[in-house]
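Biologist: I would like to go through this model one question at a time. Please end each answer on what I asked for.

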Amino acid sequence: MKVIILDEADSTNSYAKLNIDNFDDRTVVHAKKQTCGRGRLNRKWVDLGGDNLFMSVVLKPSDTFKEIYPNITQYLSVVLCHVLEEYGVCLLYTSPSPRD
């Protein structure tokens, strides 16, 4: 797994999309500061400074469709929360409302 660390990016997702042909499967794009991020449904993702984690993971799955693919973002966010909690990081996690 390769990790790209940027001092600043408009959006880690936009950066990953622009450079996807240069990245291998499971490349992580991390930005220390994000100026124009967006979340699900194009919601604005605000950088409040300091204690934020901005990253995107480039996945290039095989030609075989697996049932987890449509829910991979939600699945990985829960897994990441569990891993960080094991390292003593106190997290506030909110899930989107059912109307999202």
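**Strands, core and loops**

Biologist: Which residues does Ala 31 touch, not counting residues up to four places away in sequence?

Modeller: Contact means heavy atoms within 4.5 Å. With residues up to four places away in sequence left out, Ala 31 touches Leu 6, Ala 9, Thr 12 and Phe 54.

Biologist: What kind of model is this?

Modeller: Residues are numbered from 1 along each chain as its sequence is written, and side-chain values use heavy atoms, without hydrogens or water. Local features need pLDDT of at least 70 and side-chain atom pairs count only at pLDDT 80 or more, while totals for chains, interfaces and linings use all residues, since the model is predicted.

Biologist: Is Ala 31 buried or exposed?

Modeller: Ala 31 lies in strand β2; strands are DSSP runs of E of at least two residues, helices are runs of H or I of at least four, and both are numbered from the N terminus. Buried means under 20% relative accessible area, exposed over 50%, and partly exposed in between, with a 1.4 Å probe and protein chains only. Because its relative accessibility is 1%, Ala 31 counts as buried.

Biologist: In what order do the strands of the open sheet lie?

Modeller: Two strands pair if DSSP finds at least two bridges between them. β1 (3–9) and β2 (27–34) run parallel and are joined by 6 bridges, whereas β2 and β5 run antiparallel with 5 bridges. The pairing is thus mixed, and the 3 strands form an open sheet in the order β1-β2-β5. The edge strands, each pairing on one side only, are β1 and β5 (54–58).

Biologist: Which residue is the bridge partner of Thr 27 in β5?

Modeller: On the β1 side of β2, Ile 4 stands opposite Val 29, and Glu 8 has Lys 33 as its bridge partner. In β5, the partner of Thr 27 is Val 58.

Biologist: Which strand gives the most residues to the largest nonpolar core?

Modeller: A nonpolar core is a set of buried Ala, Val, Leu, Ile, Met, Phe, Trp, Tyr and Cys residues joined through side-chain atoms within 4.5 Å. The largest one has 8 residues: Ile 4, Leu 6, Ala 9, Ala 16, Phe 23, Val 29, Ala 31 and Val 58. β1 and β2 each supply at least two of them. With 3 residues, the strand that gives the most is β1.

Biologist: Which side chains of β5 point to the face where they are buried?

Modeller: The side chains alternate along β5. Met 55 and Val 57 point to one face and are not buried; pointing to the other, and buried, are Phe 54, Ser 56 and Val 58.

Biologist: Which backbone nitrogen does the side chain of Ser 11 reach?

Modeller: Ser 11 sits in the loop between β1 and α1 (12–18), and it counts as buried because its relative accessibility is 3%. Leaving aside neighbours within four places in sequence, Ser 11 is in contact with Gln 34, Cys 36 and Gly 37. At 3.2 Å, its side chain reaches the backbone nitrogen of Asn 13.

Biologist: What is the phi of Arg 26 near?

Modeller: Most residues other than glycine have a negative phi. Arg 26 is found in the loop between α1 and β2. Its phi is positive, in a residue other than glycine, and is near 70°.

How values were computed:
Polar contact = N/O pair within 3.5 Å; in protein donor to acceptor, adjacent residues only side chain to side chain.
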